[in-house]
Amino acid sequence: MTNQKPEPATTTISGLIRKRAELFSEAERIRDRLAEIRNDLGALDRTLAVLGHTGNLDDAMPRQKRQVLFGQGELSRSLMRELRDADGPMTSRELAQGILALRGDDVRDRRLISEVTRRVSKSLRAHREEGRVRSSTDASGNLLWSRRLGRGEVVDPTQMPPSGMAEN
């Protein structure tokens, strides 16, 4: 009888799956603990209000360090690349999800998506003022963003906004 060792790839895959499960469980525990802390903070705020505290509670909070999500110019470059490669106009949220997916961030993180969507919208408004992008609205009133064509670029009819859409 030969003593067969498991293939290294099988052992590695098993270990990685086990580690992924551990990390997922840890993330669940952290999320649950964060929810408990938020509930406790809400209860403390309500108790302080009942006891007559009228000051601004946020003034007593330690200052939060600003979270740097993008390096200088990184968001603008990513936006222009996403719009260049897009099949048609995109919403700020779609652009944010695309950029986060390319970076390998969790696109299911609603808070992160909201924060990046806000930053994308602000950046796109600045690009629109500078003539780099254009916006149109869909039937629901959502802004759809697309790149303005430079000199010598050919208009692709499949990327034109549908008729009836307002363009800015």
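Here is a short walk through this structure, from its first helix to its pocket. Keep in mind that the model is predicted.

Let's begin with helix 1, which covers residues 8-50. It is built from 43 residues, and the distance from its first C-alpha to its last is 63 Å. That is close to the 63 Å expected for a helix that rises 1.5 Å a residue. After helix 1 comes G52, a residue whose phi is positive, near 100 degrees.

Next, look at helix 2, residues 74-85. A good place to start is its packing with helix 3, which spans residues 92-103. The axes of these two helices lie 10 Å apart, and the angle between them is about 110 degrees. An angle from 65 to 115 degrees counts as roughly perpendicular, so helix 2 is roughly perpendicular to helix 3. On the helix 2 side, the residues that meet helix 3 are E74, L75, S78, L79, E82 and L83. Facing them from helix 3 are L95, G98, I99, L102 and R103. Sorted by class, this contact holds six nonpolar, two polar and three charged residues.

Helix 2 also packs with helix 4, residues 110-129. Here the axes come within 10 Å and cross at roughly 80 degrees, which means that helix 2 is roughly perpendicular to helix 4. To find this contact in the model, pick out L75, S76, L79 and L83 on helix 2. Their partners on helix 4 are R119, V120, S123, L124 and H127. Five nonpolar, three polar and one charged residues make up this contact of helix 2 with helix 4. Notice that L75, L79 and L83 appear in the contact with helix 3 and also in the contact with helix 4.

Finally, turn to the largest pocket, which holds about 640 Å³ of space. It is lined by 18 residues, and those closest to its centre are R31, D106, R108, D109 and R110. Which elements give two or more residues to this lining? They are helix 1 and helix 4. Helix 1 provides the largest share, with nine residues. What is the make-up of the lining by class? Ten of its residues are charged, seven are nonpolar and one is polar. With the pocket in view, you can trace helix 1 and helix 4 again and see where each contributes to the lining.

Key:
Residues numbered from 1 in each chain as written. Predicted model: local features only at pLDDT ≥ 70, side-chain atom pairs only at ≥ 80, totals over all residues. Heavy atoms only, no water. 1 Å grid on protein atoms, 1.4 Å probe; cavity = no way out; pocket = protein on both sides within 12 Å on 5 of 7 lines; lining within 4 Å. Points joined across faces, edges and corners; volume = space filled by probe spheres on them. Helix = DSSP H or I, 4+ residues; strand = E, 2+ residues; numbered from the N terminus. Nonpolar A, V, L, I, M, F, W, Y, C, P; charged D, E, K, R; others polar. Axes fitted to C-alpha atoms, helices over the stretch in contact; angles between N-to-C directions. Parallel < 35°, antiparallel > 145°, perpendicular 65-115°, else oblique. Contact = heavy atoms within 4.5 Å. Expected span 1.5 Å × (residues − 1).
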